Each structure stands twice: as structure tokens, then as C-alpha cells.
Amino acid sequence: PMEDFPQVAADVPLGEVLSERKAGTARHTLVMGADGLPLGVMSCGSAALSGAMEARAQSFARAMQTFHTDMSAWRVLADLRRSSTPVADVREKGTGRIVGIVTEQSVVARLFGEPV
């Protein structure tokens with residue numbers, strides 16, 4: 001679920017993001033638009049290396065892939081491994097409503113029966 005990922009508003013300066021323990025230490029942080037939907041995902045560690053503490057979170061957000069609920073987990077895994085962003089949103093095919101977020105690690109865990 002999206003709630004399992006740290007989330008920051010797009011207009012928050014990087015310095016503030018890094019000061020929040022949950023977001024600043026997370027591997028991936030969702031950058032949220034004003035509409036409450038993710039604009040992309042950022043790596044706080046990579047962003048911190050830029051030294052641009054006043055830059056807004058949206059400056060570091062990388063676009064996520066979108067997968068539909070009817071895609072096989074093996075196909076999702078293959079696509080995530082080829083992607084520059086290892087995080088994707090999952091949407092209902094008919095409505096386009098976001099039903100969750102997946103990472104390469106979560107897909108592997110599901111495929112091999114590990115708890116996520």
C-alpha cells in the first residue's frame with residue numbers, strides 16, 4: 001500500500017525532507033502532488049549528495065512506471081529490473097485508480113512466498 005512508503009509534498013525543500021527521520025532514511029520516498037497522487041519517487045541519499053538543500057522535492061522525483069492489476073508478477077519483475085526507477089504504482093485496469101506501490105524487492109518476496 002502507498003501508506004507503507006514515506007511521503008513528502010512536492011514543494012517541500014530537500015533539507016526538510018532529510019530532517020524527517022522516516023523519509024530521510026528511507027530507500028525510496030514518494031513525492032506527492034497537490035492532488036494526493038504520487039508525482040514520482042526520490043532517493044533521499046542521492047538527493048542529499050547534490051547539496052541543494054533548498055531545492056524542492058519535486059526536483060529530485062523520478063517518474064515511476066505504472067503496472068495494471070492484471071499483469072503477471074514475472075512480467076512486473078522483468079520490467080522493474082530494466083527500469084531506472086525500481087518503484088512502480090499499480091492501477092486497476094478499468095478505472096486507473098492506484099491500488100498500491102511495488103518495488104523489485106516486494107515482487108521477489110511475493111513470488112517466492114516471503115512475507116512482505
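This protein has five helices and six strands, and the model you're looking at is a predicted one. Grab the structure and let's work through it.

**Exercise 1. Work out in what pattern the elements follow each other along the sequence, and how compact the protein is.**

Solution.
- Step 1: Walk along the chain and note each element. You should get β-α-α-β-β-α-β-α-β-β-α.
- Step 2: Turn to the radius of gyration. It is 14 Å, close to the 13 Å that the globule rule gives for 116 residues, so the protein is as compact as a globular protein of that length.
- Step 3: Put a box around the C-alpha atoms along the principal axes. They fill roughly 40 × 30 × 25 Å.

**Exercise 2. Find which residues make up the largest nonpolar core, and which elements give two or more residues to it.**

Solution.
- Step 1: Start from the whole protein, where 38% of the 116 residues count as buried.
- Step 2: Recall a general trend: in soluble globular proteins, nonpolar side chains tend to be buried together.
- Step 3: List the members. The largest nonpolar core has 12 residues: Val8, Ala10, Val12, Leu14, Val17, Ala23, Val31, Met42, Cys44, Ala47, Ala57 and Phe60.
- Step 4: Look for the elements that give two or more residues to this core, and you find α1 (14-19) and α3 (44-50).
- Step 5: Don't stop there! A second, separate core has nine residues, including Met2, Val41, Met64 and Ile98.

**Exercise 3. Decide whether Val17 is buried or exposed, and find what it touches.**

Solution.
- Step 1: Locate Val17, which lies in helix α1.
- Step 2: Check its relative accessible area. The value is 0%, and buried means under 20%, so Val17 is buried.
- Step 3: Skip residues up to four places away in sequence, and Val17 touches Val8, Val12, Ala23, Gly24, Cys44 and Ala57.
- Step 4: Try a distance too. Val17 and Met53 are 36 residues apart in sequence, with their C-alpha atoms 9.1 Å apart in space.

**Exercise 4. Do the same for Thr103: is it buried or exposed, and what is it in contact with?**

Solution.
- Step 1: Find Thr103 in strand β6, which covers residues 98-103.
- Step 2: Read off its relative accessible area of 8%. That is under the 20% cut-off, so Thr103 is buried.
- Step 3: Leave aside neighbours within four places in sequence. Thr103 is then in contact with Phe5, Leu80, Pro86 and Val87.

**Exercise 5. Count the positive and negative side chains, and find how far apart the centres of the two sets lie.**

Solution.
- Step 1: Count the charges: 12 positive and 13 negative side chains.
- Step 2: Take the centre of each set; the two centres lie 6 Å apart.

Methods. Residues are numbered from 1 along each chain as its sequence is written. This is a predicted model: local features need pLDDT of at least 70, side-chain atom pairs count only at pLDDT 80 or more; totals for chains, interfaces and linings use all residues. Side-chain values use heavy atoms; hydrogens and water are left out. Helices (H or I, at least four residues) and strands (E, at least two) are DSSP runs, numbered from the N terminus. Buried means under 20% relative accessible area, exposed over 50%, partly exposed in between (1.4 Å probe, protein chains only). Contact means heavy atoms within 4.5 Å. The radius of gyration is taken over C-alpha atoms; the globule rule is 2.2 Å times the number of residues to the power 0.38. Lys and Arg count as positive and Asp and Glu as negative; His and the chain ends are not counted. The place of a charge is taken as NZ of Lys, CZ of Arg, CG of Asp or CD of Glu. A nonpolar core is a set of buried Ala, Val, Leu, Ile, Met, Phe, Trp, Tyr and Cys residues joined through side-chain atoms within 4.5 Å.
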